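Visitor: I would like a close look at one part of this model, the sheet and what packs against it. Please take it strand by strand.

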Amino acid sequence: AAARALGNMQDARIEDALLAAWEKATAPEERKVLADALGKTGGPKALRALSSAEPRGDALLDKKQTRAKLAISRTIARGDHAEIDTSRRPKVALPIVWRCRDGLEEMLATELADFATRKVTPGRVPGTLESPLTLARALEARLALSLAFPLPELRIGKAGLAATIVTAILSSDAAAVFDAFTPKGTITVRLSFTGAGHQRALAWDVAERLSLESTRIANDPTDATWSCDVRAFAESVKVELSPRSVQDTRFAYRLRDVPAASHPTIAAALARVARPQKRDVVWDPFCGSGAELIECGRLAPGLTLVGTDTSEDALSAARENLGAASMVAELALADARTFTPKRAPDLIVTNPPMGRRVQRTGELPTLLADFVAHAARVLAPGGALVWLSPQPELRDVAVAAGLRVTYERRVDLGGFFAMLLRLEKPVQPTEPARRRIVTR
């Protein structure tokens, strides 16, 4: 019990004590626990001791010693880890895929037009990364959740799934990706099994096989350069390589968050559907931490940004995030059903309460219906309400209030769907149109 507890402390100072106990231990059960502890906290001395230990004829003990040696080797190798260089241009064209919320694929494909995007599938936009484009440019897509380099699907051979995964990691297709962005140092990978949990036994099997077949690529979930995302089927397996040791700076303004705040990729999508124009007045009635206002401000200069919320904490978070984005907004503690901006808003852009984490009462449908009717009244002629509607009937409320649907798309918000709508207020017959209306 003491050895197990000391190993969990992962303190290098206790290595000598554990090694002394290892040399004295004779019972297999003791040596199994000591091997585990040394694997977690040992260094070169522990690796030498485990490597020189004579076989005891105990299969489980041999397995634990092998895993302990692998774990120690990973720890030692961390000083020489490869770093991903996102500024490099690949020498050959590399297949690439961006992952996004289901429903945002077409919009993301438009954002990534430079990458020769192909036919999209739910939540995925495939394309090609080739010179002069860089990985840094591919990582800039504001609607993407992540990106990966898909490897060719492999049939699971007689040696089993673990051996096939190792074959994929060591393939020439994987080498083209690794060499393009991590040309120096030890490449470390973390295994992720899509839809299959942690699969620890399989992960260890892959790690052990990889250690025997490669001196440059190692499995290390603690400090990985790349993620190997594995999806296994009955007779085949797909592996995708995702960069891990890269800092995402797209939403660096996001210093504070509040419950039920928009995911920044959703806020970016709302802003793109809104299409703000110079000097527009943009109002977010449920502004939360301010992401929609900031994303709109990035798309057009000189906007008048207005945000309201019924939470002082949300307004405080929005004020902090807006400051980090070098933007200013008029923020007020107010009810979205009654507040009227000083100047009629050209755009109302918002992700309202959905009833999942806030506003759980039965009053939410009435609140949102009243808000839609109020929005229709205060919008400037030719203006638009762009929002995520959690209930289908609210579309009818908007139409009854005189708004016209010009864009609608069902979007995954992380476990449930809402309708992303653009609802435009007709221009009065006596007033010239402020903007060209584009419908899809």
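Guide: Contact here means heavy atoms within 4.5 Å, and angles run from 0 to 180 degrees between N-to-C directions, with axes fitted to C-alpha atoms. The model is predicted. By these terms, helix α12 lies across β9, β10, β11 and β12 and runs at about 160° to β9.

Strand β9 comprises residues 281-284, and both of its faces are covered. Val 281 and Trp 283 are buried on one side, as are Val 282 and Asp 284 on the other. Four bridges pair β9 in the parallel sense with β10, residues 304-309. Within that pairing, Val 281 has Thr 304 of β10 as its bridge partner. The two strands are also linked through the helix: β9, α12 (residues 291-299) and β10 make a right-handed β-α-β unit. Strand β9 also runs parallel to β12, residues 347-350, and two bridges join them. There, Val 282 has Leu 347 as its bridge partner.

The wider sheet is open and has seven strands, with mixed pairing, in the order β11-β10-β9-β12-β13-β15-β14. Strands β11 (330-333) and β14 (404-412) stand at the edges, each with a single partner strand, so one side of each lacks a neighbour in the sheet. On average, neighbouring strands are turned by 15° against each other, direction ignored. At the β11 edge, β10 and β11 pair in the parallel sense over four bridges, and Asp 309 has Leu 333 as its bridge partner in β11.

Towards the other end of the strand order, helix α15 (residues 393-400) lies across β13 (384-389), β14 and β15 (417-424), running at about 165° to β14.

Leu 420 connects this description to the nonpolar packing. The largest nonpolar core has 86 residues, and those that touch the most other members are Trp 98, Phe 149, Phe 181, Trp 226 and Leu 420. Helix α11, residues 264-274, gives the most to this core, with eight residues. With neighbours within four places in sequence left aside, the contacts of Leu 420 include Leu 104, Met 107, Leu 270 and Val 273. Val 386, Trp 387, Leu 388, Tyr 407, Glu 408, Arg 409 and Val 411 are also in contact with Leu 420. A second core of 22 residues is separate, and among its members are Phe 286, Ala 376, Trp 387 and Leu 421. Trp 387 thus appears in the contact list of Leu 420 and is included in the second core.

Note on methods:
Residues are numbered from 1 along each chain as its sequence is written. This is a predicted model: local features need pLDDT of at least 70, side-chain atom pairs count only at pLDDT 80 or more; totals for chains, interfaces and linings use all residues. Side-chain values use heavy atoms; hydrogens and water are left out. Buried means under 20% relative accessible area, exposed over 50%, partly exposed in between (1.4 Å probe, protein chains only). Two strands pair if DSSP finds at least two bridges between them. A crossover is right-handed if, with the strands pointing away from the viewer, the path from the first strand over the helix to the second runs clockwise. A nonpolar core is a set of buried Ala, Val, Leu, Ile, Met, Phe, Trp, Tyr and Cys residues joined through side-chain atoms within 4.5 Å.
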